[in-house]
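Thanks for coming. I will go through one structure this morning, starting with its rings and ending with a few single residues.

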Amino acid sequence: MATTATRIGPKVSLLVHLLIFSWYLFTIWSNCSLQTSDRHPGVRSYGGRWKYLTFINLVMQVVFFGLCVLVDVIHIVVPVKQTRSGTPLTLTKARDFYFTVLAFPVGTFVFASFWTLYTYNRELVYPKFLDEIIPIWLNHAMHTVIMPLLLVQMFLQNQKYPSRTKGISALALFSVLYLSWVLWVHQASGMWVYPIMAHLSPVGLCLFLGGASLTMAPLYLLGEKLNLMMWSTTGNQKKKKK
């Protein structure tokens, strides 16, 4: 079985992935080191930072690029023939599956949903007082930089997409689990994770959560389409059907 197509050698790939991995570690460290105030009790309330999709996404990106680093190291120290089977091949498949099903669609959702709501009315997602707590650069690190880094990864390495049924089903499972967690946080603490939810009626809340969940599938298909466009000249990509 052929190895994943790439535009750079394993050593350069390792350097790039190490830089991105370190960046995300630094971002998480900076986030966790913030001196929060009484006006922003969210991180000290039930669920802590783990109730925010932004933070979960940062952790997901760290795990993904950490896996990339591991795969790169293996491709450097292990003969090429041995990377086409066994553990090296399994890790490569896991890396591709993780990117296509979680890292790209969830990261893109965080980017798109945050800036859409922020542009419409920032108080619904990121109240102005947070500017006094979270540095501007950190806000962009959590909500902006994620998108270009995902596109860089997609451009440098050809991600092998699973079947649409398997990919979208796995992403749907993640969405259901996260929404269940958000509802449980509200049930346990009386606090909505995101300010916009407090302004919605029960019907509006259902529509909002349902709409947010349904956008995940188009984002998965967007990643598949972008990957196909970037690598169509290699002859290694084929459109996935059901």
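A definition before the count: two rings of Phe, Tyr or Trp, taking the six-membered ring for Trp, are a pair if their centres lie within 6.5 Å. Planes under 30 degrees apart make the pair stacked, planes over 60 degrees make it edge-to-face, and the rest are tilted. Please keep in mind that this is a predicted model.

With that criterion, a search of the whole structure gives 18 aromatic pairs. Take Phe-26 and Trp-29: the ring centres are 6.1 Å apart and the planes are at 25 degrees, which is under 30, so this pair is stacked. Both residues belong to helix H1, residues 10-32, and three residues separate them, about one turn of the helix. The general point is that an α-helix has 3.6 residues a turn, so residues three or four places apart point the same way. As for accessibility, Phe-26 has 38% and counts as partly exposed, while Trp-29 has a relative accessible area of 56% and is exposed.

The next pair is Tyr-118 with Tyr-126. Their ring centres are 6.3 Å apart and their planes at 50 degrees, so this pair is tilted. Tyr-118, at 23% relative accessibility, is partly exposed; Tyr-126, at 4%, is buried.

There is also a cluster. Ring pairs link Tyr-24, Phe-64, Phe-65, Tyr-98, Phe-99 and Phe-104.

Tyr-24 takes us to the core. Which residues have the most contacts inside the largest nonpolar core? They are Tyr-24, Leu-53, Val-106, Tyr-194 and Met-197, in a core of 59 residues. Helix H3, residues 86-121, supplies the largest share of this core, with 12 residues. Leu-53 can serve as an example: setting aside neighbours within four places in sequence, Leu-53 is in contact with Val-106, Phe-109, Val-110, Phe-174, Tyr-178 and Tyr-194.

Phe-174 and Tyr-178 are among the buried residues of H6, so let me check the geometry of that helix. H6 runs over residues 164-189, 26 residues in total, and at 1.5 Å a residue it should span 38 Å. The C-alpha atoms at its ends are 37 Å apart, which agrees. The full set of buried residues in H6 is Gly-167, Leu-171, Phe-174, Ser-175, Tyr-178, Leu-179, Val-182 and Val-185. What covers them includes H2, H3, H7, H8 and H9. Just after H6, Gly-190 has a positive phi of about 80 degrees.

Two single residues remain. The first is Thr-54, in helix H2. Is Thr-54 buried or exposed? At 16% relative accessibility, Thr-54 counts as buried. Its side chain makes a polar contact of 3.0 Å with the side chain of His-143. Not counting residues up to four places away in sequence, Thr-54 touches Val-110, Met-142 and His-143.

Met-142 also appears in the contacts of the other residue, Ile-134. Ile-134 sits in the loop between H3 and helix H4, the latter being residues 136-143. At 9% relative accessibility, Ile-134 counts as buried. With residues up to four places away left out, Ile-134 touches Leu-34, Tyr-126, Asn-139 and Met-142. Tyr-126 is the buried member of the tilted pair from earlier. Finally, Ile-134 and Asn-31 are 103 residues apart along the chain, and their C-alpha atoms are separated by 8.1 Å.

That is the end of the tour.

Technical notes. Residues are numbered from 1 along each chain as its sequence is written. This is a predicted model: local features need pLDDT of at least 70, side-chain atom pairs count only at pLDDT 80 or more; totals for chains, interfaces and linings use all residues. Side-chain values use heavy atoms; hydrogens and water are left out. A nonpolar core is a set of buried Ala, Val, Leu, Ile, Met, Phe, Trp, Tyr and Cys residues joined through side-chain atoms within 4.5 Å. Buried means under 20% relative accessible area, exposed over 50%, partly exposed in between (1.4 Å probe, protein chains only). Helices (H or I, at least four residues) and strands (E, at least two) are DSSP runs, numbered from the N terminus. Contact means heavy atoms within 4.5 Å. The expected span of a helix is 1.5 Å times one less than its number of residues. A polar contact is a pair of N or O atoms within 3.5 Å; within protein, one must be able to donate a hydrogen and the other to accept it, and residues adjacent in sequence count only if both atoms are side-chain atoms.
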